[in-house]
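Work through the exercises below with the sequence and the model open. Each task is followed by a solution in steps.

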Amino acid sequence: MTDYQRIPLRARKHIGLVAHDGRKQDLLEWVRFNKGTLAEHVLYATGTTGALIHKETGLDVIRLKSGPFGGDQQMGALIAEGEIDVLIFFWDPLEPKPHDPDVKALLRIAVLYNIPSASNRSTADFLISSPLFTEPYERLIPDYRKRIKRPEFIQRALQETEPRERGESTEEEGTLSREEAENT
């Protein structure tokens, strides 16, 4: 039996929008068609895609860097931090990109954190038309830590820090949880 971490998704979703150059027009058409629904949510996009969406639709978009300049990595970080709930990424299967490793990493993070994602218009249509799109939802993330084989001394160190990660106190001195560090 797999242990899961339960992560609530808010009703007002935070949506990541990404499109390669050869797919930007497809994404723009999809955004235009779904403008009314998307206006009810918080939109994030990589650089050029975000600028085009705002210019063409007037929708507010939180813009990240352009994909090749770190935008895909920024989007992945936002997913890992729980800021992005849904990823719409129209990537071009016929055009290799110099930042392909970043693209693969973004797709991997979306799967790892079990966020709904679409890489084409049909899947995006199914996602946005789902009743779950506008309701709170609890996603389950498998506990992958049990699948990672590490040396014994690292396993012990991780077990000692796990209570702190869950917000519990430990007798360990000299390290702070992220929350504690932000509040100091």
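## Exercise 1: Confidence

Task: State what the confidence values say about this predicted model, and find which stretch has pLDDT below 50.

Solution. Begin with the chain as a whole: the mean pLDDT is 86, and 84% of the residues of the protein chain reach 70 or more. Next, look for the low values: over residues 168-172 the pLDDT is below 50. In the model this stretch has seven contacts beyond near neighbours in sequence. Where pLDDT is low, the predicted coordinates should not be read in detail.

## Exercise 2: The sheet

Task: Give the strand order of the open sheet and name its edge strands.

Solution. The open sheet consists of five strands, ordered β4-β3-β2-β5-β6, and its pairing is parallel. Strands β4 (62-63) and β6 (117-118) pair on one side only, and these are the edge strands.

Then take the pairing at one edge. Strand β5 (residues 86-90) and β6 run parallel and are joined by two bridges. L87 has S117 in β6 as its bridge partner.

Last, add the helix that packs on the sheet: α4 (residues 71-80) touches β2 (14-19), β3 (42-45) and β5. The direction of α4 makes about 160 degrees with that of β2.

## Exercise 3: Helices α4 and α5

Task: Describe how α4 packs with helix α5 (residues 100-112).

Solution. Two packed helices are described by the angle between their axes and the distance between the axes. For α4 and α5 the axes come within 9 Å and cross at roughly 15 degrees. Angles under 35 degrees count as roughly parallel, and α4 and α5 are therefore roughly parallel to each other. Their crossing is left-handed.

Now list the residues in contact. From α4 they are D72, Q73, M75, G76, I79 and A80; from α5 they are D102, V103, L106, I109 and A110. Sorted by class, this contact of α4 with α5 has seven nonpolar, two polar and two charged residues.

## Exercise 4: Helix α1 and its two partners

Task: Classify the packing of α1 (residues 24-33) against α6 (residues 121-129) and against α3 (residues 47-57).

Solution, first pair. Helices α1 and α6 pack at an angle of about 25 degrees, and their axes are 11 Å apart. That angle makes α1 roughly parallel to α6. The crossing of α1 with α6 is right-handed. On the α1 side D26, E29, W30 and F33 take part, and they meet R121, A124, D125 and I128 in α6. The residues of this contact of α1 with α6 divide into four nonpolar, no polar and four charged.

Solution, second pair. The axes of α1 and α3 cross at roughly 40 degrees and come within 10 Å. That angle makes α1 oblique to α3. The crossing of α1 with α3 is right-handed. K24, L27, L28, V31 and R32 of α1 make the contact with T48, T49, L52, I53, E56 and T57 of α3. By class, the residues of the contact of α1 with α3 are five nonpolar, three polar and three charged.

Conventions:
Residues are numbered from 1 along each chain as its sequence is written. This is a predicted model: local features need pLDDT of at least 70, side-chain atom pairs count only at pLDDT 80 or more; totals for chains, interfaces and linings use all residues. Side-chain values use heavy atoms; hydrogens and water are left out. Axes are lines fitted to C-alpha atoms, for helices over the stretch in contact, and angles run from 0 to 180 degrees between N-to-C directions. Helices (H or I, at least four residues) and strands (E, at least two) are DSSP runs, numbered from the N terminus. Angles under 35 degrees count as roughly parallel, over 145 as roughly antiparallel, 65 to 115 as roughly perpendicular and the rest as oblique. A crossing is left-handed if the near helix is turned anticlockwise from the far one by less than a right angle, and right-handed if clockwise. Contact means heavy atoms within 4.5 Å. Ala, Val, Leu, Ile, Met, Phe, Trp, Tyr, Cys and Pro count as nonpolar, Asp, Glu, Lys and Arg as charged, and the others, Gly among them, as polar. pLDDT is the predictor's confidence in each residue, from 0 to 100. Two strands pair if DSSP finds at least two bridges between them.
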